[in-house]
Amino acid sequence: MRLLIENAHLLDPAQGIDRVTDIYIQKENVVALGEAPRDFEPQRRIDAAGRLVIPGVVDMAARLREPGQEHKATVASETRAAASSGITTLVCPPDTNPPVDSPAEVELITRRAKQACGVRVHALGALSAGLAGEQLSEMAALKRAGVLGVSQALKPMASHLLLRRAMEYAASHGLTVFLHPIDWSLNAKGCVHEGPVGTRLGLPGIPAAAETAALGTILALTEQTGARVHLCRLSTARGAQMLARARHDGLPISADVAAHQLFLTDMDVADFNSLCHVMPPLRSQRDREGLRQAVADGAISVICSDHQPHEADAKLAPFAQTLPGISSLETLLPLTLRLAEEGVLSRAEAVRRITANPAAILGLPVGTLAPGHRADLCIIDTEAIYRPEAESWLSQGRNSPFFGWEFAGRVTHTLVAGRVVFEQTGR
Amino acid sequence: MSEALSSTRAIPAAGPLPSSLQFNEEGRLRHLLTIEGLPQTLITEILDTAESFASMNAQAVKKVPLLRGKTVVNLFFEASTRTRTTFELAAKRLSADVLNMNISTSATTKGESLLDTLRNLEAMYVDMFVVRHESSGAAHFFARHVAPHVSVLNAGDGRHAHPTQALLDMFTIRRHKQDFTRLRVAIVGDILHSRVARSQIHALNILNTGEIRVIAPQSLLPAQVESLGVHVYNDIRQGLKDVDVIIMLRLQRERMESGLLPSEHEFFQLYGLTQERLALAHPDCIVMHPGPANRGVEIDSRVADGPRSVILEQVTYGIAVRMAVMSMIMGGSVTP
């Protein structure tokens with residue numbers, strides 16, 4: 001298949017390209033930009049005049065709920081939702097049921113992904129057996145099965161000592177360790193940020209120190225072990241400062257933030273809105289500004305969806321009894337573009353945080369459309385204004401607080417390895 | 001060619017404020033979930049209505065037909081004989097039919113079954129649910145999901161709110177003190193876990209109380225409690241100085257187990273209300289307690305039973321205040 005995307009405004013931060021050009025695709029790869037390769041006869045042309053083309057979005061954290069929680073979502077349903085939103089690569093955390101702690105689960109996810117719409121699906125393996133936090137997982141076997149790293153997800157480790165051993169063992173196998181900086185004993189039974197809103201609502205709070213205390217431990221152990229560590233879902237301004245300081249001091253550590261943390265605060269919980277129940281919790285306005293600053297500075301180099309689709313019942317209870325998480329595949333790109341609109345950072349830098357940067361941390365040869373690379377991309381109609389609604393949502397999880405928000409920029413096509421996996425119809 | 005993404009528009013409004021959920025389209029009280037956000041005029045109206053019921057309650061015939069034909073369900077997911085009884089008496093004195101349901105939360109740990117409980121009872125044409133639940137926000141949850149003709153009266157949700165308790169406390173204070181703007185009120189003890197304290201603080205602020213103090217160790221205060229409009233005292237001697245009203249809170253034994261306090265003994269040593277400490281307050285100071293009091297833990301018996309104590313009055317007025325709230329919510333807003 002030879003495909004020509006004409007008159008596209010290509011925005012590829014990895015190459016420093018931000019201009020109108022033509023994109024030539026042959027089989028799975030981009031073969032040229034601008035000038036047609038010799039004898040290139042396109043079998044299909046897509047006129048992208050007036051549209052933006054960016055490398056396919058790489059989402060570092062998306063629960064697809066398989067195996068074990070198919071009543072919430074499936075690989076098929078969620079990859080379809082991802083494709084409609086410009087995401088071409090997804091990484092699933094290991095907290096499935098059973099957890100991804102042996103090659104069998106990795107193979108199951110990979111097999112399901114092959115039967116689905118074509119979006120690339122990768123898994124992280126469990127850092128401990130069964131994610132129980134008590135014994136190391138068989139990381140070498142997991143690596144052979146193809147995991148991109150290991151993670152303890154949202155589960156505690158029994159001790160700092162075991163965390164240290166696990167980091168050392170992962171380092172010996174060249175596996176990146178993905179850690180959520182949460183001190184579970186300080187987290188206690190909290191379900192909202194500890195602050196005035198939680199005080200007013202009488203909901204048990206989670207102090208910012210639950211993050212900074214854990215972060216202190218992780219930074220110390222990263223320095224001690226030399227493990228390659230990626231911090232998942234920062235939520236506090238203070239945590240972001242600690243990260244920036246550690247990076248400034250030369251520690252090779254990276255971090256991400258969930259897109260919703262850059263837009264919502266604990267004020268959004270104010271009416272016991274269970275759709276805003278997330279872990280770590282939505283924090284103060286000041287924290288949100290601190291996170292935005294860290295994203296702009298590059299200390300936080302990745303924005304992810306932290307997609308957690310739920311069945312309706314999971315959110316139908318008094319706040320503390322609801323399950324945390326937002327169905328967020330379909331708002332990752334629009335929220336990231338909106339950051340640029342709001343002047344937090346340039347559009348190119350915003351796009352870099354959902355393409356080239358996560359690809360580099362995951363060690364995947366995607367996130368750029370330089371000739372010779374896989375043609376994973378999405379085409380965006382930047383003029384299209386739309387409001388996401390539950391009825392037109394593709395994820396099986398309808399748990400989003402962003403329904404009714406107005407976004408500019410709608411994905412019209414998504415390609416994975418040169419193949420169209422999503423094309424907007426009608427409208 | 002493609003322009004920069006057009007700038008975006010306003011962020012959508014968040015959900016209704018806790019207060020707005022409580023009113024119907026005509027602005028009448030439909031549910032009572034929290035004191036927060038109630039207009040001062042409405043609180044005054046409730047207290048004035050309660051006055052008329054209070055005098056009636058002292059008469060030989062204690063029943064009026066205001067809510068004849070209405071059905072009230074006391075839905076208690078948390079054990080409480082005392083509070084449930086006052087709600088029951090209040091409804092009966094208004095001639096409503098009352099059904100008491102004590103449901104152990106272990107049977108309804110999942111949201112769907114909580115909603116199922118609600119739907120099943122609704123199907124019996126209930127007019128009002130009086131709800132007590134261990135989870136903050138439970139009353140809001142019910143209010144958001146009940147049928148349009150059904151009202152919800154919060155009888156205590158987690159640490160969040162206990163509006164009728166706060167109203168009966170305001171009623172009691174008003175009976176003894178005229179002008180809230182000149183009052184100093186101290187609330188002493190486990191503020192962190194107390195829905196009573198939160199509702200009292202809101203009510204006192206709406207009534208423009210001169211000064212509201214909370215007195216407790218840091219481990220029993222919620223984060224940034226000052227944001228509720230109170231002054232914080234860790235030392236009871238300083239905190240009680242010249243106050244006109246002292247409200248003691250009940251200390252649950254679990255607080256020691258969860259490491260918030262070393263012992264009941266030390267708590268009493270530091271924060272227990274004794275006659276000696278009461279002497280630091282204004283000479284006309286009244287002593288209140290939402291009950292049941294732990295004598296020797298937060299309050300000395302001599303104070304609880306002493307001349308300044310209005311603890312039993314609170315219980316008496318509780319019925320009148322609950323009658324006022326029930327009649328204002330159901331009387332007229334629901335067609336028979």
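This passage describes the aromatic pairs, the charges placed over rings and the nonpolar cores of a predicted model.

Across all chains of the predicted model, a search of the whole structure identifies ten aromatic pairs. In one of them, formed by A:Tyr24 and A:Phe40, the ring centres lie 5.1 Å apart and the planes meet at 85 degrees, and because planes over 60 degrees apart count as edge-to-face, the pair is assigned to that class. A:Tyr24 belongs to strand S2 (residues 17-26) of chain A, whereas A:Phe40 is found in the loop between strand S3 (29-33) and strand S4 (44-47) of chain A, so that the pair ties together parts 16 residues apart in sequence. With a relative accessibility of 7%, A:Tyr24 counts as buried, and A:Phe40, at 8%, counts as buried as well.

A further edge-to-face pair is made by A:Trp393 and A:Phe403, whose ring centres are 4.8 Å apart and whose planes stand at 80 degrees. Both residues are placed in the loop between strand S17 (377-386) and strand S18 (407-416) of chain A, ten residues apart. The relative accessible area of A:Trp393 is 5%, so this residue is buried; that of A:Phe403 is 23%, and because buried requires a value under 20%, A:Phe403 is instead partly exposed.

Ring pairs also join A:Phe263, A:Tyr386, A:Phe402, A:Trp405 and A:Phe407 into a cluster. Two members of this cluster are accompanied by arginine residues: A:Arg292 lies over the face of A:Phe263, at 5.0 Å from the ring centre, while the charged end of A:Arg410 is positioned over the ring of A:Tyr386, 4.2 Å from its centre.

Turning to the nonpolar cores, in soluble globular proteins nonpolar side chains tend to be buried together. In this model, the largest nonpolar core comprises 95 residues, and those with the most contacts inside it are A:Ile54, A:Leu90, A:Leu127, A:Val229, A:Ile300, A:Ile303 and A:Leu333. The element that gives the most to this core is helix H10 (residues 329-341) of chain A, with seven residues. When residues up to four places away in sequence are not counted, A:Ile54 touches A:Leu11, A:Leu333, A:Val351, A:Leu369, A:Leu377, A:Cys378 and A:Ile380; of these, A:Leu333 is itself listed with A:Ile54 among the residues with the most contacts inside the core. A second core, separate from the largest one, has 92 residues, including B:Phe53, B:Ala186, B:Ile247 and B:Met288.

Technical notes. Residues are numbered from 1 along each chain as its sequence is written. Chains are lettered from A and ligands numbered from 1 in the order in which they are written. This is a predicted model: local features need pLDDT of at least 70, side-chain atom pairs count only at pLDDT 80 or more; totals for chains, interfaces and linings use all residues. Side-chain values use heavy atoms; hydrogens and water are left out. Rings of Phe, Tyr and Trp (its six-membered ring) pair if their centres lie within 6.5 Å; planes under 30 degrees apart count as stacked, over 60 as edge-to-face and the rest as tilted. Helices (H or I, at least four residues) and strands (E, at least two) are DSSP runs, numbered from the N terminus. Buried means under 20% relative accessible area, exposed over 50%, partly exposed in between (1.4 Å probe, protein chains only). A charge sits over a ring if NZ of Lys or CZ of Arg is within 6 Å of the ring centre and within 35 degrees of the ring normal. A nonpolar core is a set of buried Ala, Val, Leu, Ile, Met, Phe, Trp, Tyr and Cys residues joined through side-chain atoms within 4.5 Å. Contact means heavy atoms within 4.5 Å.
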